[in-house]
Structure formats: C-alpha cells, structure tokens
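Please work through the exercises below with the sequence and the model side by side, and try each task before reading its solution.

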Amino acid sequence: MRLYLMRHGEAVPPGPRVQDEDRPLTPEGRRRVRELARAWSRRDDPIPEVWVVSPLVRAVQTCEICLAEMGPDTPVEISRRLLPTGRVSFLLDLIEERGEGAVALVGHQPLLGGLGVFLLGWPSVPAELEPGAVLALDMERPGEGTLVWHAIPARDDRGPLFLEPPSPR
C-alpha cells in the first residue's frame with residue numbers, strides 16, 4: 001500500500017472573527033499547495049485512489065487543490081478521525097480498512113506527524129511536517145512503513161522539493 005500523509009496548506013491564523021474549524025488557506029498557502037500538487041502529479045508514483053480528509057476548511061481546500069491537479073474524479077471521504085484532536089489508533093484502523101492501493105490522508109499536526117512517527121518507527125518526522133508537506137510511505141505490512149519521499153512546498157521560485165532517503169548499499 002502507498003500511503004500519503006499530507007498536512008493542510010498554510011492557513012489564516014485563528015482570531016476573534018475566524019473559528020479554528022473555519023480557517024481557510026491563505027493565498028500563499030493555496031499557491032504552494034497547487035505547485036506541490038502539480039509537481040507530485042508529474043512523478044512516477046501511484047495516484048491516490050481515495051482521499052480521506054479532515055472536515056476542517058483548510059484540509060478540504062488542500063484536497064480540492066490536489067484533486068484539480070491530479071484528477072477530480074477520485075473519491076473523497078470526509079472523516080472526523082483526521083481532526084487535530086484525533087488519535088493515531090483511529091487512523092491505524094482507517095488505514096487497515098483501506099487494504100491495498102494508494103490512499104492520501106489530508107489533515108493536521110500533531111496527528112499526522114504522530115502517525116508518521118509510529119509507522120516509520122522514527123523519533124520524529126522530517127521538518128515536523130510543515131504546512132502543505134507530504135510524506136509518501138510504502139506499507140509492507142500494517143504498521144510497518146518505509147519512507148519513499150518527503151515533499152516540501154516551494155518557499156521561493158525553485159518550486160517544491162521532493163526529498164528521497166538514501167538508497168541502501
């Protein structure tokens with residue numbers, strides 16, 4: 001199974017007029033997610049067969065941008081299991097329910113980072129999974145993942161970075 005863990009793009013900060021669940025992506029956040037999704041769609045990687053997304057506005061907007069670049073007919077499921085207060089164990093169940101294929105989860109920190117740490121057996125995830133970043137994992141068996149790449153959204157004109165771990169010798 002190929003599993004993509006995507007943190008939502010940069011969102012407007014919470015404030016007295018914007019509740020946390022209603023925070024939209026900033027224009028810069030939208031641009032960075034679009035560039036990353038476009039570059040991701042050009043890679044020789046399995047395209048997600050389903051997107052499972054947090055119901056919060058910023059995660060839904062992130063998914064919509066990715067779908068526009070990767071294929072708008074891909075099924076999307078909104079899941080409260082991906083709320084920021086969710087539990088890694090809930091996501092493990094969700095992953096197990098999916099079985100084989102390619103699945104993208106779009107959600108929040110610290111939940112996605114915690115899931116990545118658990119699946120990889122690492123003490124922390126790369127760059128703390130910044131807004132708009134993606135971890136691509138291959139799951140040999142439930143609960144045992146291998147990092148394929150880590151995508152970081154563009155910070156400048158060079159575009160997004162796709163970082164791959166060194167090949168074993």
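Three exercises follow, each with a worked solution, and they concern a predicted model.

**Exercise 1. The sheet**

Task: Find the order of the seven strands in the open sheet, and work out which strands stand at the edges.

Solution: Begin with the order, which reads 3-2-4-1-5-6-7 across the open sheet, with mixed pairing. Next take the two ends of that order: strand 3 (76-78) and strand 7 (161-163) each have a single partner strand, so one side of each is left without a neighbour in the sheet. Neighbouring strands are turned by 20° against each other on average, direction ignored. Then look at one pairing in detail: strand 1 (residues 2-7) and strand 5 (residues 134-141) run antiparallel to each other and are joined over five bridges, and Arg2 has Asp138 in strand 5 as its bridge partner. Finally, add the helices that pack on the sheet. Helix 2 (residues 57-70) touches strand 1, strand 2 (50-53), strand 3 and strand 4 (102-107), and its direction makes about 165° with that of strand 2. Helix 4 (residues 111-120) touches strand 1, strand 4, strand 5 and strand 6 (144-152), and makes about 150° with the direction of strand 1.

**Exercise 2. The nonpolar cores**

Task: Determine which residues of the largest nonpolar core touch the most other members, and which element gives the most to this core.

Solution: The core holds 23 residues, and those touching the most other members are Leu3, Leu5, Leu105 and Leu137. Two or more residues come from each of strand 1, strand 2, helix 3 (88-98), strand 4, helix 4 and strand 5, and helix 4 gives the most, with five residues. To see one member's surroundings, set aside the neighbours of Leu3 within four places in sequence; its remaining contacts include Ile95, Val103, Leu119 and Met139. Apart from this core lies another of 22 residues, among them Tyr4, Ala37, Val53 and Ala151.

**Exercise 3. The aromatic rings**

Task: Trace the ring pairs of Trp149, and decide whether Trp40 is buried or exposed.

Solution: Start with Tyr4 and Trp149, a tilted pair with 5.8 Å centre to centre and 40° between the planes; Tyr4 lies in strand 1 and Trp149 in strand 6, 145 residues apart. Move on to Trp40 and Trp149, an edge-to-face pair with 5.8 Å centre to centre and 80° between the planes. Because Trp40 lies in helix 1 (residues 27-41) and Trp149 in strand 6, this pair ties together parts that are 109 residues apart in sequence. For the last step, buried means under 20% relative accessible area, so Trp40 counts as buried at 1%, and Trp149 is buried at 0%. Ring pairs link Tyr4, Trp40, Trp51, Trp149 and Phe162 into a cluster.

Notes. Residues are numbered from 1 along each chain as its sequence is written. This is a predicted model: local features need pLDDT of at least 70, side-chain atom pairs count only at pLDDT 80 or more; totals for chains, interfaces and linings use all residues. Side-chain values use heavy atoms; hydrogens and water are left out. Two strands pair if DSSP finds at least two bridges between them. Helices (H or I, at least four residues) and strands (E, at least two) are DSSP runs, numbered from the N terminus. Axes are lines fitted to C-alpha atoms, for helices over the stretch in contact, and angles run from 0 to 180 degrees between N-to-C directions. Contact means heavy atoms within 4.5 Å. A nonpolar core is a set of buried Ala, Val, Leu, Ile, Met, Phe, Trp, Tyr and Cys residues joined through side-chain atoms within 4.5 Å. Buried means under 20% relative accessible area, exposed over 50%, partly exposed in between (1.4 Å probe, protein chains only). Rings of Phe, Tyr and Trp (its six-membered ring) pair if their centres lie within 6.5 Å; planes under 30 degrees apart count as stacked, over 60 as edge-to-face and the rest as tilted.
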